[in-house]
Amino acid sequence: MSEIVFVDGAYVERKDARVSIFDRGFLFADGIYEVCAVLDGKLVDNSAHLARLDRSLAAIELACPMSHAEIVAMQRELVARNALREGLIYMQVTRGVADRDFAFPEGATPTFVAFAQHKRIIGAPAAETGVAAISVPDLRWARRDIKSIALLAQVLAKQQARKARAAEAFMVEDGFVTEGASSTAFIVTKADEIVTRPLSNALLPGCTRQAILALARERGMKLVERAFTIEEACEAAECFFTSATAFVMPVVSLDGRTIGQGRPGPATRRLRELYIAAAREEAE
Ligand code: PDD
């Protein structure tokens with residue numbers, strides 16, 4: 001079956017999708033993106049993703065060319081046209097096409113593209129065994145709270161992880177983990193505290209992070225929002241990362257050191273199950 005993507009209001013086959021080389025996303029990475037999971041053909045936690053899309057757009061002073069209702073209709077159309085049951089919808093908005101000049105162009109129309117991707121999320125084998133992670137220096141800019149399409153530091157971090165046969169890279173700044181290259185980092189201490197870094201410009205406000213903190217809070221699990229080090233993560237009882245496309249992913253080794261028992265721990269498994277149940281129930 002051919003794959004149908006969305007480009008500026010039109011549904012076209014992947015091979016026919018075109019964006020100008022003068023698009024500011026291509027020339028300056030002048031744009032933002034959003035990724036939301038699809039489960040049973042429904043959008044997971046989409047209102048949180050749309051709220052963050054608005055937040056990212058406002059941060060770069062870009063007006064969204066589509067309303068929320070239009071975006072949701074388009075996301076559903078992509079799900080339907082691509083017969084997507086499980087996977088994700090990727091959306092990207094850039095400042096549009098203009099002669100190359102750093103400052104904002106006058107009168108450019110934003111470019112809005114989106115596509116669907118099939119991915120096994122619930123039954124991902126990695127979630128059963130846990131994955132390896134490595135640490136890398138955080139080489140990014142100072143506004144990591146914006147979901148910017150400028151992802152070169154994360155591309156390099158992920159490639160380093162791949163070379164080390166690891167699934168994720170935890171990025172470190174001033175001795176503390178900021179987040180994963182495409183996820184939020186968590187540890188569970190030996191005192192059963194779930195620890196993740198507080199929100200700031202240093203990291204992306206993860207939608208899955210927000211949902212996990214709410215679920216853990218409702219269940220009376222102990223939560224602490226503070227930064228942690230790689231050493232602490234290696235010595236922790238459990239470690240995991242969260243994202244729209246991985247949900248809750250156990251990390252069982254870090255820089256080659258085994259974490260806990262070297263298999264997914266009880267708190268991580270519980271949070272994954274809670275999140276899957278909530279996602280299934282609330283997806284729309
Ligand atoms: N990435 N931190 C970074 C740097 C990320 O790129 C992501 C997600 C997250 C987790 O955010 P959320 O829970 O809202 O997905 C944290 C997406 C999945 C991506 O780039 O593909």
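## Glutamate 282 and helix H8

Glutamate 282 is exposed, with a relative accessible area of 58% (exposed means over 50%, buried under 20% and partly exposed in between, using a 1.4 Å probe and protein chains only). You'll find glutamate 282 in helix H8. Its C-alpha sits 7.1 Å from that of valine 44, although the two residues are 238 apart in sequence. A quick word on the model: it is predicted, so local features need pLDDT of at least 70 and side-chain atom pairs count only at pLDDT 80 or more, while totals for chains, interfaces and linings use all residues. Numbering starts from 1 along each chain as its sequence is written, and side-chain values use heavy atoms, with hydrogens and water left out.

H8 covers residues 266-282; helices here are DSSP runs of H or I with at least four residues, strands are E runs of at least two, and both are numbered from the N terminus. Its 17 residues should span 24 Å at 1.5 Å a residue, and the end C-alpha atoms are indeed 24 Å apart (the expected span is 1.5 Å times one less than the number of residues). Unlike the exposed glutamate 282, a number of H8 residues are buried, among them Ala267, Leu271, Tyr275 and Ala279.

## H6 against H8

Helix H6 (residues 207-218) has twelve residues and reaches 17 Å from first to last C-alpha, close to the expected 16 Å. Its buried residues include Cys207, Arg209, Leu213 and Leu215. After H6 comes glycine 220, with a positive phi near 75°.

Two packed helices are described by the angle between their axes and the distance between the axes. For H6 and H8, the angle is about 105° and the axes are 10 Å apart; axes are lines fitted to C-alpha atoms, for helices over the stretch in contact, and angles run from 0 to 180 degrees between N-to-C directions. H6 and H8 are therefore roughly perpendicular (65 to 115 degrees; under 35 is roughly parallel, over 145 roughly antiparallel and the rest oblique). On the H6 side, Thr208, Ala211, Ile212, Leu215 and Ala216 meet Leu271, Leu274, Tyr275 and Ala278 of H8, where contact means heavy atoms within 4.5 Å. By class, that makes eight nonpolar residues, one polar and no charged ones (nonpolar covers Ala, Val, Leu, Ile, Met, Phe, Trp, Tyr, Cys and Pro; charged covers Asp, Glu, Lys and Arg; the others, Gly among them, are polar).

## Threonine 242

Threonine 242 lies in strand S13 (residues 238-243) and is buried, at a relative accessible area of 2%. Leaving out residues up to four places away in sequence, threonine 242 touches Ser183, Thr184, Phe186, Thr208, Arg209, Ile212, Phe247 and Val248.

## H2 against H3

Helix H2 (residues 46-59) packs on helix H3 (residues 68-81) at about 125°, with axes 12 Å apart. That angle makes H2 oblique to H3. H2 brings Asn46, Leu50, Leu53 and Asp54 to the contact, and H3 brings His68, Ile71, Val72 and Gln75. By class, there are four nonpolar, three polar and one charged residues.

## Two positive phi values in loops

Alanine 83 has a positive phi near 45° despite being a residue other than glycine. Alanine 83 is in the loop between H3 and strand S5 (87-94), and is partly exposed at 49% relative accessible area.

Arginine 165 isn't a glycine either, yet its phi is positive, about 60°. Look for arginine 165 in the loop between helix H5 (152-163) and strand S8 (168-173). Arginine 165 is exposed, with a relative accessible area of 78%.
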